[in-house]
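Trainee: Could we go through some side-chain contacts together? I would like to see how each label is earned.

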Amino acid sequence: MVEERENGADEIHEEHQLVSSNPLEFRTSQLEDELNEKLQHAFHQHTTQVLLHEVAKIASEHDPIDLAYAVTRLPPSARIVVYDNLPDLSAKIIFMINTGNNTRSAIFKQIDDQEIKRLIEEMPTDEAVWVLDDLSDRRLKRVLDILDPKKASRIRELQKHDRHSAGRLMSNEFFAFNMNTTIGEVASQVRDNPGIELTGRIFVLNDEEELIGFIPERNLIINPSYFPIRQVMRPIIHKVNANTSRDEVVDIIERYNISALPVVDDDDRLEGVISYEDAVEAMKDIADETIASIAGTAEDFGEHEGLFKRLMWRAPWLLVTLCAGLVTASAMSYFHDRLWFIIVPFFVPLIAGMSGNVGLQCSTILVRGMSTGVLSAGTVREAISKELVIGMLIGTVFGIGCGLLVYLLSHFEIQHLGATPLALAATVSFGVFAACLVATILGTFSPFFFARFEIDPAVASGPIVTACNDVLSTLTFFLVARLVYFFMVA
C-alpha cells in the first residue's frame, strides 16, 4: 500500500511538472492575462464614473502585486488610475515596490511630493532607495528634504554606493545587540520595533561594536529569557563589504543558503544586512540583463511601448550584423571571377551555420560556468583546453563526415558543381574543420575578454560576437578553398 502511494505521488509530481513546464500556462501568467482583460474592459467604459467604479472594484479584489505586473501592459496614462484606486497606503506601497521602472516614473509624474513622502516613510529603507532611483535629481532632493531626517539620512547613506554593489543591496535597518544582552531583552526590542524586518538572523557585537556572531530567530523562543546571547550565538563565517559586487553577493548567498548576509566596514563593524529576498531580486535583475545581452536588446517585453521605440532598442545591435553581412558579401564579390571560387558560395550557409553553432555552444557553456560560480580562476586554463579540444574534435568528425557525403554525392553525379569529387570533398572537409576551429577559439576566449574589461560575458553569446564569427569563418573557408585549389588542381 505504501509503495502504491509513493508511486501515485511520483506520478502526480511528474504530471504536475509536465503541466507546469510551459511558462505561458503558469497560474500567475493566466491570472495576469485575466486581470489585464478586466482592466482593458474597464478602461473602455463610456463614462468616467463607470470606469472608476470598475477599476476600484478590480483594485480591491486583487493582490497589489498582481496589479503591479498587469499595469505594465496598459498605456502609462492609465496606470495612475489603477494606483489612485488602490484601497489603502499599504497596498500602494506594495504596488510601487513590485511594479516596473516605467510605471513608477509615470505615476511619479502625476502625484505630488507629499504623496511620495508618505510612501517612502512607510517603506523599508533599501526598497525606498530603489524606488527613488526613478525620480529626477531635483525632485529627489525635494523629497529627501521633507522626509523624516533619520529616514532621509539612511537613504542618502545607501545611495552613496554603486548600483551593482553590496552597499546598494543591503538594508541599514537591522537588529544587532551587545553580546551581554539577554534573550529576553532582545525579544523585547524586536517586539517594540515592528517596522524593522526580521531577516532570520540577529547579530551579536562585542564591546568594540565589532561583529562576532549571530543568533537564529528560533533561539528567542527555545532558550530561557535570562540567557545572554553570547551563550547561544554562532560564528559568522561569511561576510562582505559595501564594495563587493552584486554578482559575488548572489553567489555567496545562493551557495551557502544564507538568510541574511552581513555587510561590514574595514574595522569589522556592521554596516548593513542583505536578506535572501534582496538576493533573489538581484538574481532576477542579473538574469534579465544576461538575457538582454544574449538577445542584443534592452527592451522590456511587458511594457506598453510603441513599435518605433522597440525598433530603436534593437536596431544598434542589428547594425553590427548588417555590417558583417556586407563585409562577407564584399569578399564574395571580390573573388567571384576566380576559378577556385565557383563552388564556394554553395557551401557558405553550411559553414556559417556549423561555425555559428559551435561558437555559440562554447561561449554559452563558459558563460554559464562563470555565472554559477563553477568556473574559477584556478580552472580557467583547464576549461579553455577542454573547449579547444572539443572544438577540434567537432571540426574533425563533422569535417570528415561532410566531406565524405559531398564526395559520394558528387561521385554518383547527384550534384553537379563543376569540380572533381575529391577536390570538392577536400574543400568542404577542410573548410568545416577550419571554420569550427576559428569559431571555437572565438567562442572560448571572448567571454574572458569581456570579463577582463568588466563587460557582461553574456555579450559573447550575443549578436556582436555571432556576426564576427560568421565573417571570420566565411573568410577562413575562402582561404581553405584557395589553398585546396592551389595544391590539388593548379
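Mentor: Happily; we will take ring pairs, charges over rings and salt bridges in turn. This is a predicted model, where local features need pLDDT of at least 70, side-chain atom pairs count only at pLDDT 80 or more, and totals for chains, interfaces and linings use all residues. Residues are numbered from 1 along each chain as its sequence is written, and side-chain values use heavy atoms, with hydrogens and water left out.

Trainee: Why is the pair of Tyr226 and Phe227 called edge-to-face?

Mentor: Rings of Phe, Tyr and Trp (its six-membered ring) pair if their centres lie within 6.5 Å; planes under 30 degrees apart are stacked, over 60 edge-to-face, and the rest tilted. The ring centres of Tyr226 and Phe227 are 5.4 Å apart and the planes stand at 70°, so the pair is edge-to-face. The whole structure holds 5 aromatic pairs.

Trainee: What makes Tyr226 exposed or buried?

Mentor: Buried means under 20% relative accessible area, exposed over 50%, and partly exposed in between (1.4 Å probe, protein chains only). Tyr226 has 61%, so it is exposed. Phe227 has 23%, so it counts as partly exposed.

Trainee: How do you know which label fits the pair of Phe449 and Phe450?

Mentor: Their centres are 5.6 Å apart with 70° between the planes, which is again edge-to-face. Phe449, at 48%, is partly exposed, while Phe450, at 13%, is buried. Ring pairs also bring Phe453 into a cluster with Phe449 and Phe450.

Trainee: What makes Lys92 sit over the ring of Tyr83?

Mentor: The rule asks for NZ of Lys or CZ of Arg within 6 Å of the ring centre and within 35 degrees of the ring normal. The charged end of Lys92 is 5.0 Å from the centre of the Tyr83 ring. Arg168 lies over the face of Trp130 at 5.9 Å from the ring centre.

Trainee: Why do Asp134 and Arg104 count as a salt bridge?

Mentor: A salt bridge is a side-chain nitrogen of Lys or Arg within 4 Å of a carboxyl oxygen of Asp or Glu. For Asp134 and Arg104 the N to O distance is 2.6 Å, and the pair meets in a salt bridge. Asp134 is buried at 16%, and Arg104 is buried at 6%.

Trainee: How many salt bridges does this rule give?

Mentor: The count comes to 18. Another one joins Glu157 and Lys160, with the closest N and O atoms 3.4 Å apart. Salt bridges that share partners also join Lys92, Glu115 and Arg118 into one network.
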